[in-house]
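Trainee: I've just opened this one and don't know my way around yet. Can you walk me through it?

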Amino acid sequence: AAGQNPRELWQQLCIMPQGRLYSSASLQLELKHEYTAETGRITVNFANVSQAPIGNIRVMLPEVPFMRFQQANEAPTQLGPGQRAFHYVQVQCVQPFLQPAKYLVEYHDGRQPVQLPLMLPTVLTKFVAPAEIQLQQFRQFFENCAGAPRESVVIGTPKVPPAQWPNYLTKGFNLHMLRESTPASAFAAGTLHTATPDPSQPGRTMSVPCMVRLEYVPDKQLARLTVRTQHGEVTGPISKVIESYLIVPSPENGAQMNGGPPGSAMGMPQAY
C-alpha cells in the first residue's frame, strides 16, 4: 500500500472497514471506522515509522453543514521514533452530501513541514443500513419513485465483473441484496439514516429508503445503474458513489436524471 496515492487509499477505505489513509517514509495513518444508523466512530492510528521524531502535528476538521463532529480526544502533537497514538472522532450525518468532509493534517518530519489535505472516507453510503424487503415491496417502491429528481440512471461499461457486484452492494455500500437477484439483474435496498429530526414524526429522525437496480447485457458489455430514493438530494450522491466503483459512464449518455427509458437505443432491456 506504500506506493498508493492518498486518493486510491481513500477510495479503498470508503468501501472497507479499515485500512491505510496515508503513507510516507516518516508518518503512516491507519483508519478504522464503524457505523450504526446516522453515527460513525472513526479511529485514526498515527504511527512514526522513521528513526527521527515527528513534531508540530496538527489535525483540523473544518466544519461542514452536512455532518457533526465530536473529537473524543486530541490528536497527538508529536511522536517519537516507532511511537503510535490514536485520534478518536465521532461523526453524525445531518443531511445528504456528495463532497466528503476534510481531515487536514500538518506535521514536521525533522526536515520540512508537510501539509496533508486528506478527506474522511465517510461517504453517504456509510450511513445506509440494509433493508430486508421482499421483491413485491421493492417493485412497489421502485415504481412510486420513478422520474426526476428521485431517479438517476447511468449507462456504461462495468468497471468490475458483474459477478463482483454482490460484494460491492452488500459489503461496500451496506445494501441488502434481494435473493431474486441474478448476475444480469441485481436488486438492492437500504435505508439512509440522518440525525435530522423528522417533522412528521416527533421524536424520530429522518430516514430515506433507497432502492438500487443493476443490469448487465454481456453481448454489448453494457451495464445500467438505476437508483431511486424518496428525495432527489439523496438519489444523486448515492448514485455517484456507486457509479464511481462499478460503472464507466458512456460519453453519449452520462448520468441521466430523468424518468424516461434511457438505454433503449443501446439495446438495454426495458422490461422490469
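**Around N174**

Mentor: Not counting neighbours within four places in sequence, N174 is in contact with T125, K126, V128, A129, P130 and L169, where contact means heavy atoms within 4.5 Å. This is a predicted model, where local features need pLDDT of at least 70, side-chain atom pairs count only at pLDDT 80 or more, and totals for chains, interfaces and linings use all residues. Residues are numbered from 1 along each chain as its sequence is written, and side-chain values use heavy atoms, with hydrogens and water left out.

Trainee: What does the side chain of N174 reach?

Mentor: The backbone oxygen of T125, at 2.9 Å.

Trainee: And where is N174 found?

Mentor: In the loop between helix 3 (165–172) and strand 11 (176–177). Helices (H or I, at least four residues) and strands (E, at least two) are DSSP runs, numbered from the N terminus.

Trainee: New topic: which domains does the assignment give?

Mentor: Domain 1 (6–122) and domain 2 (126–252); such bounds come from an automatic or database assignment.

Trainee: How many residues of each are in contact?

Mentor: 22 residues of domain 1 touch 15 residues of domain 2.

Trainee: How many salt bridges does the rule find across that interface?

Mentor: 0, taking a salt bridge as a side-chain nitrogen of Lys or Arg within 4 Å of a carboxyl oxygen of Asp or Glu.

Trainee: Which strand gives the most to domain 1's side?

Mentor: Strand 6, with 3 residues on the side that touches domain 2.

Definitions and conventions: Polar contact = N/O pair within 3.5 Å; in protein donor to acceptor, adjacent residues only side chain to side chain.
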